[in-house]
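Subject: Handover of a structure and notes on its contents

Dear colleague,

Please find below the structure that I am passing on to you. My notes follow it, and I would be grateful if you could read them with the structure open.

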Amino acid sequence: MMCSVRHITCLLRLSKSSVSTSVFWYGSQTRLFSTSRTCRTIMPAWVIDKYGSNDVLRFTKNASFPIINYPNEVIVKVSAAGLNPIDVSMRGGYGAATLSMKRDPLNINQSGSEFPLILGRDVSGVIMECGLDVKYFRERDEVWAAIPPWKQGSLAEFVVLSANEVSHKPKSLSHTEAAAMPYVATTAWSALVNTGGLNKDNCAKKRVLILGASGGVGTFAIQMLKAWGAHVTVTCSQNAERFVKGLGADHVVDYTAGPVEEPLSALEKFDLILDNVGGDTERWALNLLKPWTGAKYVTLVTPFLQNTDTLGIADGMMQTAATVATKAFKHLVKGVHYRWGFFAPSGPALDEIREMVDAGQIRPVVEETFSFSQVPQAMEKVEKGHARGKTVVQISKGGDDL
């Protein structure tokens, strides 16, 4: 059997090292780790075997160990995993049609091939192995990442990721703190920077409104915008007012005191609105923007995955395109821009965010921490909503046992 270049490289490296090695077979592939003391083909993880409520969660010690299939991938030993509302939604089947197409674009696998599925979109941990093309990272590097929804998640001992999705962890944060940030950070970055057009050079004196600001994305967005010099107005419940002001919000409007659009309409108009609420908000929110100045309304609550789940991929995408085009044109004639924001995994974005974190401009907001055995309770916590920051699961102590 011919050895791949990868195996030859590993063997040459090992011939110069006294480090103990392990080799095992996975199908037709040889897996060789210069840093592993034992052979691994399985690992502990929380999985689901079907979509449903919290009772579909199952702990197993026999989940398949992740495999590097491409030379730009890395295997990360998970120290901590952050949970997000999308994990609860995905547990119930949200986005199943679109995510299945992304996992299997040629439709080679049969239906249900995504199971057993591991949830968890945030990870902080230690690199265990790097693919041949990975130059920016080394084994034992401490990293953090936001995991795309179509990949196996972080509620497991190990996870495999593309190197361009990974970033070195902020030195000032523990793994538990770091796991609270990547998914909400990259979502906020995608919405505000990629879609909204804001950045550290043009944000000074901009007026920004964040609707639903006490959750994960909102708490991160407040801090990032304030670090860039923006004036930030937020909506939240009265009992979260002190919390969001502590993060830097300049003005807080209590949505429980009555129709929130009334006090907001009395304020100076905004350059950008970030909507984490959706629903009826669109009916009045765009009237709060400065017309004919390039002002943008960016909503993170879109019907894209719901459309494809309900109508199928082709019809769902057509319905989605028609909806966003109609809304964009309707508001463009009024002088404001209507946009949808989406999560986008990005190691380079996390690199910039890491610098802001280590400079003390952004801090993690961890509401509650759970052990690995308490994943169902952690999911219940997220499912209840009204979060004041993030829920984090501690998986392991780090890379000490690599």
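The notes below take up the nonpolar cores, then several strands and helices in turn. Please keep in mind throughout that this is a predicted model.

Nonpolar cores

The largest nonpolar core comprises 51 residues. Val-123, Phe-137, Leu-155, Val-375 and Val-393 have the most contacts inside it. At least two residues of this core come from each of strands E3 (42–48), E4 (57–64), E5 (73–83), E6 (122–130), E7 (142–146) and E8 (158–162), and likewise from each of helices H2 (85–91) and H13 (375–383). Strand E5 provides the largest share, with 6 residues. Another core, of 42 residues, lies apart from this one, and Leu-192, Val-193, Phe-220 and Val-252 are among its members. As general background, nonpolar side chains in soluble globular proteins tend to be buried together.

Leu-155 may serve as a point of entry to the largest core. Leaving out residues up to four places away in sequence, Leu-155 touches Ala-45, Trp-46, Ala-81, Leu-83, Ile-118, Leu-119, Gly-120, Phe-372, Val-375, Val-393 and Ile-395.

Helix H13

One of the residues touched by Leu-155 is Val-375, and Val-375 is also among the buried residues of H13. The others in that helix are Pro-376, Ala-378, Met-379, Lys-381 and Val-382. The buried residues of H13 pack against strands E3, E4 and E5, helix H2, and strands E16 (366–371) and E17 (390–394). Just after H13, Gly-385 adopts a positive phi of about 75°.

Strand E7 and its partners

Strand E7 is largely enclosed by the rest of the structure, because 4 of its 5 residues are buried. E6 and E7 run antiparallel and are joined by 5 bridges; Gly-125 stands opposite Val-143 in E7. E7 is also joined to strand E9 (residues 166–168) by 3 bridges, again with an antiparallel course. In that pairing, Ala-145 stands opposite Val-166 in E9.

The parallel sheet

An open sheet of 6 strands follows the order E12-E11-E10-E13-E14-E15, and its pairing is parallel. Its edge strands are E12 (251–254) and E15 (337–340), each of which pairs on one side only. From one strand to the next, the twist averages 15°. At the E12 edge, 4 bridges connect E12 to strand E11 (residues 231–236). Within this parallel pair, Thr-233 has His-251 in E12 as its bridge partner.

Helix H6

Helix H6 (residues 216–227) contains 12 residues and spans 17 Å from its first C-alpha to its last, close to the 16 Å expected at 1.5 Å a residue. Since 10 of the 12 residues are buried, H6 is largely enclosed by the rest of the structure. The buried residues are Gly-216, Val-217, Gly-218, Thr-219, Phe-220, Ala-221, Ile-222, Gln-223, Met-224 and Leu-225. Phe-220 also belongs to the core of 42 residues.

Thr-219, which lies in H6, is buried, with a relative accessible area of 4%. A polar atom of the Thr-219 side chain lies 2.9 Å from the backbone oxygen of Gly-216. Apart from neighbours within four places in sequence, Thr-219 is in contact with Ala-213, Ser-214, Phe-243, Leu-247 and Val-365. Just after the helix, Gly-229 takes a positive phi of about 95°.

Yours sincerely

Conventions. Residues numbered from 1 in each chain as written. Predicted model: local features only at pLDDT ≥ 70, side-chain atom pairs only at ≥ 80, totals over all residues. Heavy atoms only, no water. Core = buried A, V, L, I, M, F, W, Y, C linked by side-chain atoms within 4.5 Å. Buried < 20%, exposed > 50% of the residue type's maximum accessible area, 1.4 Å probe, protein only. Contact = heavy atoms within 4.5 Å. Expected span 1.5 Å × (residues − 1). Pairing = 2+ DSSP bridges. Polar contact = N/O pair within 3.5 Å; in protein donor to acceptor, adjacent residues only side chain to side chain. Axes fitted to C-alpha atoms, helices over the stretch in contact; angles between N-to-C directions.
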